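Work through the exercises below with the sequence and the model side by side, and try each task before reading its solution.

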Amino acid sequence: MLPMRNEPLGQEARAGNSSLSPSRTTEAPVLAVQNLRTYFFTPSGVVKAVDDVSFNVYRDDILAIVGESGSGKSVTALSTMKLVPVPPGRYVSGEVWMDEVNILSLSDRRLQEVRGARISMIFQNPRAALNPSFTLLRQLTETIRHHDRSFSRQEVETRALDLLREVGVTDPAQMGASYPHQVSSGMCQRVGLALSMACNPELLIADEPTTMLDAGVQAKILLTLKRAHSERHLPIMLITHDFGVVRALAKRIIVMYAGMIQEEGPAEAIITNPQHPYTKALILSVPNPVNPVRRLFQIAGQPPDLSHLPAGCSFADRCGAVMEMCRNEKPGFYRSPTGSNVRCHLFASSSEVRQ
Amino acid sequence: MSEPLIQVRKLRKAFPITKGLLLPHLIGKIVAIDNVSFDIVQGETLGCVGGSGSGKSTLGRLILNLIPPDFGDVSLDGAVISNLPPKKMFPYRRDLQMIFQDPLQSLNPRRTVAENVARPLLNFGASQMDAFERVRELFDVVGLDPGHVNRYPHEFSGGQCQRIGIARALVSNPRFIFLDEPVSALDVSIQAQILNLLEDLQEKFNLTYLFVANDLKVVKHISDRTMILYQGLIVELGRSEEVYKEPQHPFTRAFLEAVLHMGGGDSWQRAAMRSENLGDLAREDATAAAAAERSGCIYYAACTDRSNICQSSSPELHEIRPGHYVACHLGG
């Protein structure tokens, strides 16, 4: 259907499979990010937005990347599609593998065959992601035709209407004739999802997909996402700061702070039994209606300036369990008792996972 | 409890929908607030939740007399303030303040934060010296460095800007503050800091809050009482604990179910599926529904427990137990 889809791309083909992580050997990941460093070179210094991040996304995965603003979660997502503006950004090191292709090494032309077609994305502000001067249906048909010219006009339209139906639009013909400003944000997000699935992608990146929606609409959009995941076997990389959303969808979690992965592991384990002091503090600071407290737990201070990171652990200044060595030495990445991997000196007695 | 500070009586506000660029003509109305009455007691926090388009922000703006109501009135300490012309309203202004959602956008980028925060005081005739002295004092109270008063808003982070917004609201020694989604633009860790600060300030200055938010978790945490709005109507009002534990109105129940919990559970999925089964999709567009004809219960179309009476007559807000009000025929 889409030419070039599964053909190996000769010159960019992978040289070898040198750095396989232990889990990778069992099942080939859809996406493998290795030692990614994305820095921004600004007049006031080098901002290390993503600093040595490695992770895999598997076929049946919903991977949530959780963090606050400035933690590097969005830059990580953009880097996987090579969408970070260069300059001021630069991919200082690392690879993003999808099958035999390192996305970071692709030319702009080759990238067009990946973006939208193999990896697609939905955004936080669904209305801004749509073109205000075209009808919803027109935007869908345009996307389908852009990636595959072999369809007839009629076929394209049928496919577009099917996609709208799939994302839960009850009256696709009528809805398709509307412009973005005429429909609700929830509807815009559905159309955004339909657009992102137009080319049968192998991976969906959802960047804060429900942050701007109210609770009722949020639940419905999440359900639609969950269905897309299970019916299409579509792996999802979910970028969010909301642990409620994470709990509802995610199978695995990566917690980021100051451009680094601080904790990663199964969703259930991390939410019910967080190990890293930052993850613990973050979860505690969300009001819990079931178990109310009189006063919320608060993390003191501000996140660090990414252009002047401290010598030791970047969370040391705000950490309740800070030790002398935390200020001088960068912590390694260790296996915790719950099965998650933690970047913290407290776990130094456990086995180290990888650099 | 003590005397009500704010009394809202039969408040109603509708916005016209017009068509045509050169010769606009009226084609309908959006009823934003429909016949709403309640009190806010001195020193309490009244939380107000509802979906987008439910009239939460309009309600706050009506109370502050920023827009005139179509019917009904608002009184502050027994004196009616709605529809007062600006000059007569002026003395009440210092008692009523507001904190906004987007902390950076609500500050003037071309003025230093000291000028931003001191503005209300200067309006009330304070000298520049006194005003700036008070700003430095308040910076300390809200947890900012008083040495930073001469910086510009863009030099501060989102959480710090919200603290500046809070300082500005406090500068005139108000009695009532309308908080319009004050933490929804902030990060989780900063959210907790600001919520704790707001509670401390309330205790310290005996403030009364109307706290509007989308996030029920936050409203539940900070509010003494919670009010649930649905398309401009109060559907339920009561002590937060009670509304949360024993919601009486079908909308409140559905709304609570859709909220995502960190404790897990899939009640949100049930809520989403039920709403889909009801063909409620069009109703994601709350404003379109609000513009429609109002007869019978406003929640009829989406209600799971509806009966015949709900279609023909609209339920009044009534007290089902002390302090707990519900607008539902099937009540309690």
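**Exercise 1: the sheet of chain B**

In β12(B), B:Val326 is the bridge partner of B:His318. The model is a predicted one, in which local features need pLDDT of at least 70 and side-chain atom pairs count only at pLDDT 80 or more, while totals for chains, interfaces and linings use all residues. Residues are numbered from 1 along each chain as its sequence is written, and chains are lettered from A and ligands numbered from 1 in the order in which they are written.

Task: starting from this bridge, establish how β11(B) and β12(B) pair, and which strands stand at the edges of the sheet.

Solution. Strands are DSSP runs (E, at least two residues) and helices likewise (H or I, at least four), numbered from the N terminus; two strands pair if DSSP finds at least two bridges between them. β11(B) and β12 (residues 324–326) of chain B are joined by three bridges in the antiparallel sense. The next step is to place this pair in the open sheet of eight strands, whose order is β6-β7-β8-β3-β9-β10-β12-β11 (chain B) with mixed pairing. At its edges stand β6 (96–99) and β11 (318–321) of chain B, and because each has a single partner strand, one side of each is left without a neighbour in the sheet. From one strand to the next, the twist averages 25°.

**Exercise 2: surroundings of B:Leu210**

Task: determine which residues B:Leu210 contacts beyond its neighbours within four places in sequence.

Solution. Residues are in contact if their C-beta atoms, placed from the backbone, lie within 7 Å. On that basis, the partners of B:Leu210, leaving aside neighbours within four places, are B:Ile40, B:Leu46, B:Cys48, B:Gly60, B:Ile63, B:Phe178 and B:Leu179. For the helix in this setting, α1 (residues 56–63) of chain B lies across β3 (45–49), β7 (176–180), β8 (208–212) and β9 (225–230) of chain B, and runs at about 150° to β8(B); axes are lines fitted to C-alpha atoms, for helices over the stretch in contact, with angles from 0 to 180 degrees between N-to-C directions.

**Exercise 3: the interface**

Task: identify which element of chain B gives the most residues to the side that touches chain A.

Solution. In total, 36 residues of chain B are in contact with 39 residues of chain A. The elements giving two or more residues to that side of chain B are α6 (188–205), α7 (216–222), α9 (250–258) and α10 (267–277) of chain B. Of these, α10(B) gives the most, with seven residues.

Notes
Contact = placed C-beta atoms within 7 Å.
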